[in-house]
Amino acid sequence: MVYRVTLIPGDGTGPELVAAARRVLEATGIRFSWDVQEAGADVMDRYGTPLPDKVLDSIRVNGVALKGPITTPIGTGFRSVNVAIRKALDLYANLRLARTMKGLPVCHDKVDLVVVRENTEDLYAGIEHDVIPGEAAESIRVITRRATENIVRFAFEYARANNRHLVTAVHKANILKATDGLFLRVAEEVAAAYPDIEFNDRIVDNMAMQLVQRPYEYDVLVCPNLFGDILSDLCSGLVGGLGVAPGANFGHEIAVFEPVHGSAPKYAGQNKVNPIATILSGALMLSHLGEIEAAARIETAVRGVVAEGKSVTYDLKPDRNDPTAVGTKEMADAIIALMS
Ligand code: NAD
């Protein structure tokens with residue numbers, strides 16, 4: 001069996017991270033036929049767009065992709081390619097995992113959180129305009145029953161399939177009564193169909209504080225788009241940083257796997273950043289393809305390398321300036337060595 005997978009290296013540190021993940025995935029013995037597709041700022045000159053149609057066509061045909069991060073210009077320039085891919089393919093669910101590993105300098109042991117983030121609407125609908133240029137601007141926040149039902153159902157189905165016991169809906173319904181009021185009402189309705197899974201809700205600011213103080217009281221968080229984006233970075237911080245947090249985007253028939261973090265452009269080409277988030281996103285992809293044993297082997301090897309603490313990148317050293325930190329490639333080598 002050879003799996004045909006769209007491979008998007010991305011930009012910034014993306015290409016070196018995706019290369020490392022690709023080597024680890026191939027070291028499992030599973031066979032892949034990679035359909036490499038370029039997207040991002042670097043292809044603008046050639047195609048006139050950062051997201052050529054052929055990239056989306058490839059994902060549609062293959063049904064599965066592994067993607068590196070892609071830079072979005074801040075304040076001006078083209079809109080996010082990452083958001084565009086999610087919207088174009090209706091990848092409505094963004095799954096982001098945060099689990100502590102032995103050997104990492106963290107405040108809490110035993111954090112094991114799943115953020116299920118709505119991926120297609122909220123403030124990311126991108127409906128915004130200047131009211132008075134330079135003085136006032138408006139953005140429209142869209143929350144619909146359909147998208148909320150889809151995301152909350154996804155969270156409960158994920159909880160059921162993965163032996164999770166609690167789903168928490170995160171919102172700001174006290175202030176955003178129309179949009180988050182709808183999100184919370186629909187979440188409560190969907191929750192009623194899953195009596196085997198506990199359900200509660202938290203206002204987002206309180207949620208942020210509780211995650212910092214008592215993260216082990218929570219399990220699966222289901223959030224509108226923006227709160228999910230922010231809280232998933234917070235959760236990554238609880239378990240060792242963005243370098244270790246994997247993610248995936250699911251539609252009804254398509255899945256795109258990518259780390260939670262961005263392109264960290266200041267480190268591009270330096271063989272410096274942590275490949276674990278991209279490697280574990282690849283392991284999630286293997287599980288999605290039904291290759292559970294191979295996925296588990298990758299995760300065990302990652303945990304082994306982290307626990308030993310020797311062949312790890314700078315971000316996993318107690319002192320970030322530790323001269324014994326290894327590079328992206330060397331950390332992938334250590335993971336592969338432990339797998340064989
Ligand atoms: P970032 O995630 O790139 O970096 C934030 C911080 O985390 C930086 O200090 C960086 O050094 C560190 N970091 C990130 N990845 C790391 C890794 N693998 N190992 C060690 N440290 C790591 O976020 P940012 O700086 O806000 O964004 C940079 C660019 O990435 C922006 O253009 C943003 O729009 C884009 N972005 C893309 C995605 C995506 O492709 N899905 C997601 C988030 C941000």
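**Exercise 1. Which backbone atom of Ile70 lies 2.9 Å from an oxygen atom of the ligand, and which other polar contacts does the ligand have?**

Solution. The model used in these exercises is predicted. Begin with Ile70, where a backbone N or O atom lies 2.9 Å from an oxygen atom of the ligand. Turn next to Ala264, which also places a backbone N or O atom beside a ligand oxygen atom, in this case at 2.8 Å. Finally, look at Lys67, where a polar side-chain atom, rather than a backbone atom, lies 3.4 Å from an oxygen atom of the ligand. On its own the ligand has 800 Å² of accessible area, and the protein covers 71% of it.

**Exercise 2. Describe the shell of residues that surrounds the ligand.**

Solution. First, take the size of the shell, which consists of 21 residues. Second, pick out the closest of these residues, namely Ile70, Thr72, Asn82, Gly262 and Ala264. Third, sort the shell by class, which gives nine nonpolar, eight polar and four charged residues.

**Exercise 3. Find the pocket in which the ligand sits, and describe its lining.**

Solution. The first step is to place the ligand, which sits in the largest pocket. This pocket holds about 1,200 Å³ of space. The second step is to examine the lining, which is made up of 47 residues, with Thr72, Ser80, Asn82, Tyr124 and Asp229 lying nearest the centre of the pocket. The third step is to ask about the helices: α4 (81-88) and α8 (225-238) each supply at least two residues of this lining, and the largest share, five residues, comes from α4. The last step is to sort the lining by class, where one finds 18 nonpolar, 16 polar and 13 charged residues.

**Exercise 4. Carry out a similar description for the second largest pocket.**

Solution. Start with the volume, since about 780 Å³ of space lies in the second largest pocket. Continue with the lining, in which there are 31 residues, and note that Leu97, Tyr158, Asn162, Leu284 and Ser287 lie nearest the centre. Then consider the strands and helices that take part: β4 (93-99), β5 (112-118), α5 (145-161), α9 (276-288) and α10 (292-308) each supply at least two lining residues. Among the contributors to this lining, α10 gives the most, with six residues. Finish with the classes, which for the second largest pocket are 22 nonpolar, three polar and six charged residues.

**Exercise 5. How many cavities of 30 Å³ or more does a search of the whole structure find, and which residues line the largest cavity?**

Solution. To begin, recall the general idea that rolling a probe the size of a water molecule over the atoms shows where empty space is left. The search of the whole structure finds one cavity of 30 Å³ or more, and the largest cavity has a volume of about 30 Å³. Next, list its lining residues, which are Lys67, Asn82, Ile85, Arg86, Asn249, Val256 and Glu258. With three residues, α4 gives the most to this lining. As a last step, divide the lining of the largest cavity by class, which yields two nonpolar, two polar and three charged residues.

How values were computed: Residues numbered from 1 in each chain as written. Predicted model: local features only at pLDDT ≥ 70, side-chain atom pairs only at ≥ 80, totals over all residues. Heavy atoms only, no water. 1 Å grid on protein atoms, 1.4 Å probe; cavity = no way out; pocket = protein on both sides within 12 Å on 5 of 7 lines; lining within 4 Å. Points joined across faces, edges and corners; volume = space filled by probe spheres on them. Helix = DSSP H or I, 4+ residues; strand = E, 2+ residues; numbered from the N terminus. Nonpolar A, V, L, I, M, F, W, Y, C, P; charged D, E, K, R; others polar. Near = heavy atom within 4 Å. Polar contact = N/O pair within 3.5 Å; in protein donor to acceptor, adjacent residues only side chain to side chain. Areas by Shrake-Rupley, 256 points an atom, 1.4 Å probe, with all protein chains shown as cover. Sits in = over half its atoms within 2 Å of the grid points.
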